[in-house]
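Trainee: I am new to this structure and would like a close look at a single part of it, the salt bridges, and then at how that part sits among the rest. Could you take me through it slowly, in one connected account?

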Amino acid sequence: MESSNEQKTLDVLILAAGLGTRMRSNLAKVLHRLDGRPLINHVCRTATALAPRRVYVVIGHQGEDVKTAVLEELDESHAAFVWQKEQLGTGHAVNAAREFLENEDSTLLVLSGDVPMIRAETLAALVQQHRAHRGKGAACTILTVKLDDPTGYGRIVRGDTGQFDRIVEQKDATDDEKKVKEINSGIYCFDTRKLFSALSSVKNENAQGEYYLTDVPTLLKNAGDDIAIYHHADANEIEGINNRVQLAEMERLLRRRVVKRLMLDYGVTFIDPNATYVSSEAQIGRDTVIFPNVAIEGQSQIGDGCTIRAGARVTNSKIGHGVTIRDYSIIIDSEVGNGCQIGPFAHLRPKSRMEDEAHVGNFVEMKKSVLGRKSKANHLTYLGDATIGEKTNIGAGTITCNYDGVNKHATTIGSNVRIGSDTMLVAPVKVGDGSITGAASVVTKDVPPDTLVYGAPAKIKKDLAATDEAPPSD
Ligand code: UD1
Ligand code: MG
């Protein structure tokens, strides 16, 4: 017995096997990034919001990479992958999932991997109308919009009384049909069994020699089934990405939306909103001022009252309140406390942490290191695998020599330490609280607390001329 429409299970099928010839790229189209994430991730995240039973993804070009991208968004138990080895058109792509779906008494929402801006609310409304159509549900409901410039899209051809007649692709359209502004979004709801039954009759007799999914609605209509149209007002949501101009345009739209929201709802100042790149997942606090050419990427969080000067990049990092990030500094996967100062030209590599009011200055690099509260490393320094206590000063040119050619080793520096300029800390090594190293010291052994050390222990170890290891020629 058939279940009533309202109770039908919802499955989602995303088409993502094509190369995307018009991108002129070696990278599969759905892996191109928008807002820092592959196109396919956007579609998957939106699909998940509808809580479907399963999301089927048709993969082909760089299928393994697409799979990896999908699994960043979807739980493995909710995702299923279907291979389409040869890409013979959108109808052929859906057909690849036949063995999993053809006998399902369900509603199938078909999405395109290259239509990333569609909102979950719109899809929910589409599904609802599809199921409610004339009290018994439609065989197919097509999501359409009107575009001023419909070039490239399939056009919706309606009959005399406005009823659906067929979808005609750009390349197959007559001059009159090309004037139609209502287009097929490539997003549909189907009665799953009816879809697969009609799909068997789709032919590839068209300008592109492809099996078009767009032929299915007409086949169903001719068999006496109901085809519904869900006409949507927001054209931006259904824009497909077929070339790099569209990708750049979409990125610009998205960025403008994000920056506008941050200005109006969160009180962030942008000196030049058009020259700032903020991820839609980033959070920025009140009265923070962002200068031109700054990029705030991924899930970064920035506190209140910060100043971020030109050319800085913050990726997946957490920045406290009242922080100054000077020009051309890079902060990746790191954490910065309140009142810190960074840069110019500083580089915080992954897993670095600056505690409150710490300073990192010109040409300082940190990696997997902690700089304690009120400690400073202001000039030309490398801190790798290092832990530094509070109120310690790291002199200019200090290097943690953390790599012995095979393994990485830790450096631990206590609180209230003064590391003299040009100190080399040969790890593993510890410097105790309150100690001082003289300028140009090479520290190879642990320094106890409250101790002054100085000097370089470099001594001749072996005569390179006597071995086959030649010294460098310059
Ligand atoms: C398609 C529609 C068109 C609609 C437009 C909306 C068809 C025939 N045309 O055209 O009516 O206006 O989307 O954006 O459906 N794909 C596969 N396997 C294939 C071919 C395509 O998985 O063999 C995937 C692509 O990776 C892509 C999606 O299907 O994610 C759409 O394919 P694309 O070639 O972009 O179709 P359009 O020409 O945009
Ligand atoms: Mg497309």
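Mentor: Let us begin with one pair, Arg166 and Asp165, which form a salt bridge whose closest N and O atoms are 2.7 Å apart. Please keep in mind throughout that this is a predicted model, and that the values I quote are computed from it. Arg166 counts as partly exposed because its relative accessibility is 31%, and Asp165, at 22% relative accessibility, counts as partly exposed as well. Both values lie above the limit of 20% under which a residue is called buried, and neither is over the 50% that would make a residue exposed.

This pair belongs to a wider set, since the structure holds 26 salt bridges. Another of them joins Asp225 to Lys194, with 3.2 Å between the closest N and O atoms. Here Asp225 sits in the loop between α8 (216-222) and β11, while Lys194 belongs to helix α7 (residues 192-199), so the pair ties together parts that are 31 residues apart in sequence. Asp225 is partly exposed, with a relative accessible area of 21%, and Lys194 also counts as partly exposed, at 34% relative accessibility.

A further salt bridge brings together the side chains of Glu365 and Arg349, at 2.5 Å from N to O. Glu365 is part of strand β27 (residues 359-367), and Arg349 is in the loop between β25 (347-348) and β26 (353-354), so this bridge ties together parts that are 16 residues apart in sequence. As for their surroundings, Glu365 has a relative accessible area of 26% and is partly exposed, and Arg349 is partly exposed with 28%. Salt bridges can also be joined to one another, as with Lys8, Asp105, Asp191 and Arg193, which are linked in a network.

Charged side chains are one way in which separate stretches of the chain are connected, and the metal site offers another. The magnesium ion (ligand 2) is coordinated by Asp114 through OD and by Asn242 through OD1, at 2.2 to 2.4 Å. Asp114 lies in the loop between β6 (106-112) and α5 (120-132), and Asn242 in the loop between β11 (227-231) and α9 (244-266), so the pair ties together parts that are 128 residues apart in sequence. Asp114 is buried, with a relative accessible area of 14%, and Asn242 counts as buried too, at 15% relative accessibility.

From the loop that holds Asp114 we can move on to helix α5, where Ala120 lies. Ala120 is buried, its relative accessible area being 17%, and when residues up to four places away in sequence are not counted, it touches Thr46, Ala49 and Leu50. Ala120 and Val30 are 90 residues apart in sequence, and in space they are 19 Å apart from C-alpha to C-alpha. Of the residues that Ala120 touches, Thr46 is one of the buried residues of α1, among which are also Leu39, Ile40 and Val43. Eight of the 10 residues of helix α1 (residues 39-48) are buried, so this helix is largely enclosed by the rest of the structure.

To place these parts in the whole, it helps to know that the protein chain is divided into domain 1 (5-238) and domain 2 (252-463). The contact takes five residues from domain 1 and seven residues from domain 2, and the C-alpha centres of the two domains lie 47 Å apart.

Two last places give a further comparison of cover. Phe291 is found in the loop between β15 (289-290) and β16 (295-297), and this residue is buried, with a relative accessible area of 19%. Leaving aside neighbours within four places in sequence, Phe291 is in contact with Ile271, Thr276, Thr307, Ile308, Arg309 and Ala310. Phe291 and Gly209 are 82 residues apart in sequence and 52 Å apart in space, again from C-alpha to C-alpha. Leu380, by contrast, is exposed, with a relative accessible area of 52%, and lies in strand β29 (residues 376-384). Together with Tyr328, Phe345 and Phe363, Leu380 forms a nonpolar patch on the surface, and the accessible area of the four together is about 440 Å².

Key: Residues are numbered from 1 along each chain as its sequence is written. Chains are lettered from A and ligands numbered from 1 in the order in which they are written. This is a predicted model: local features need pLDDT of at least 70, side-chain atom pairs count only at pLDDT 80 or more; totals for chains, interfaces and linings use all residues. Side-chain values use heavy atoms; hydrogens and water are left out. Patches are made of residues with over 30% relative accessible area and no salt bridge: like charges are joined within 9 Å, nonpolar side chains (Val, Leu, Ile, Met, Phe, Trp, Tyr) within 5 Å. Accessible areas come from the Shrake-Rupley method with a 1.4 Å probe; for residues, only the protein chains shown count as cover. Helices (H or I, at least four residues) and strands (E, at least two) are DSSP runs, numbered from the N terminus. Buried means under 20% relative accessible area, exposed over 50%, partly exposed in between (1.4 Å probe, protein chains only). Donors are N, O and S atoms within 2.8 Å of the metal (3.2 Å for Na, K and Ca); water is not among the atoms, so sites may look incomplete. Domain bounds come from an automatic or database domain assignment. Contact means heavy atoms within 4.5 Å.
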